[in-house]
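Me: I should like to understand how the terms applied to a protein model follow from their definitions. Please take me through them one at a time.

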Amino acid sequence: YGVGQSIIQYKMYEEIAAKLNKSISPKRFAHSKRVAEEAKLLAERFSADPAKAYLAGLLHDCAREYTAKELLKYVVEHNLEAGAYEQNAPMLLHSIVGRNLAQQVYGVNDPEVLQAIECHTVGGRAMSLLSKIVYVADFIEPSREDTMANKVRIAAESDLGRAVFEKAKFMLEYSRSIGEEIHPEVQGTLDHFKI
């Protein structure tokens, strides 16, 4: 990007951030900004577009504070595709609804950014580089200090595929530990990135 384009982009992101700040809680907004910054760093490390990574990170949780009932209603009203698993665990719908909100409310039309928002929760076999970055950034943003986040963080220093695998592995093990059915995309991500 040239200097002129960077300034235009920065102003656009400032406007999006201001709008987002009004629609989610201060805690969620702070998390979103940390994910955006982490995604930007990972994009620089792994030769992706830092501006797209920042934008996807900023908006990844724009629907996270909708209730389960609101998410289900939104999906029906906007004719969005939702699998049987999401119907039974509706909070996962925030990524699908978030993709739609990013487009309809925040004016984002870049398919890579939209896919990254949609994939940030359970991953997927066909994730783009940007999607992998946001998937990992959400897990390792600086406020997360548990052992598993640190393990993924260390992997992400040099091997993004390994970091994706470690996050998917944690999600699968966590689902098993609470007796929850394994989401097919979590299993698919694990199988695809298996080391």
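Me: What makes up the accessible surface of the chain, and how is such an area obtained?
Reply: The accessible surface comes to about 10,000 Å², and 52% of it belongs to carbon and sulfur atoms. Such areas come from the Shrake-Rupley method with a 1.4 Å probe; for residues, only the protein chains shown count as cover. The model is a predicted one, in which local features need pLDDT of at least 70 and side-chain atom pairs count only at pLDDT 80 or more, while totals for chains, interfaces and linings use all residues. Residues are numbered from 1 along each chain as its sequence is written, and side-chain values use heavy atoms, with hydrogens and water left out.

Me: Why is S32 called buried?
Reply: Buried means under 20% relative accessible area, exposed means over 50%, and partly exposed lies in between (1.4 Å probe, protein chains only). S32 has 0% relative accessibility and therefore counts as buried. S32 lies in helix α2, residues 26-45. Leaving aside neighbours within four places in sequence, S32 is in contact (heavy atoms within 4.5 Å) with L20, I24, G57, L58, H60 and D61.

Me: What makes M91 partly exposed?
Reply: M91 has 31% relative accessibility, so M91 counts as partly exposed. M91 is found in the loop between α5 (84-88) and α6 (94-104). Apart from neighbours within four places in sequence, M91 is in contact with R64, Y66, T67, A68 and L71.

Me: How do you know that α6 is largely enclosed by the rest of the structure?
Reply: Of the 11 residues of α6, 8 are buried, so the helix is largely enclosed. The buried residues are H94, S95, I96, V97, G98, N100, L101 and A102. They pack against α3 (50-59), α4 (68-77), α5 and α7 (111-119).

Me: What counts as a helix, and how many helices and strands are there?
Reply: Helices (H or I, at least four residues) and strands (E, at least two) are DSSP runs, numbered from the N terminus. By this rule the chain has 11 helices and 0 strands.

Me: How do you know that the radius of gyration agrees with a compact globule?
Reply: The radius is taken over C-alpha atoms, and the globule rule is 2.2 Å times the number of residues to the power 0.38. With 195 residues, a compact globule would have a radius near 16 Å; the chain has 16 Å, which agrees. Along its principal axes the C-alpha trace spans about 50 × 40 × 30 Å. Of the 195 residues, 48% count as buried.

Me: What makes a set of residues a nonpolar core, and which members touch the most others in the largest one?
Reply: A nonpolar core is a set of buried Ala, Val, Leu, Ile, Met, Phe, Trp, Tyr and Cys residues joined through side-chain atoms within 4.5 Å. Of the 64 residues in the largest core, L20, L42, L59, V97, V108, I133 and V136 touch the most other members. The largest share of this core, 8 residues, comes from helix α8 (residues 129-140).

Me: Why is S47 called exposed, and what is the sign of its phi?
Reply: S47 has a relative accessible area of 66%, and is therefore exposed. The phi of S47 is positive, about 60°, although S47 is not a glycine. Most residues other than glycine have a negative phi. S47 is placed in the loop between α2 and α3.
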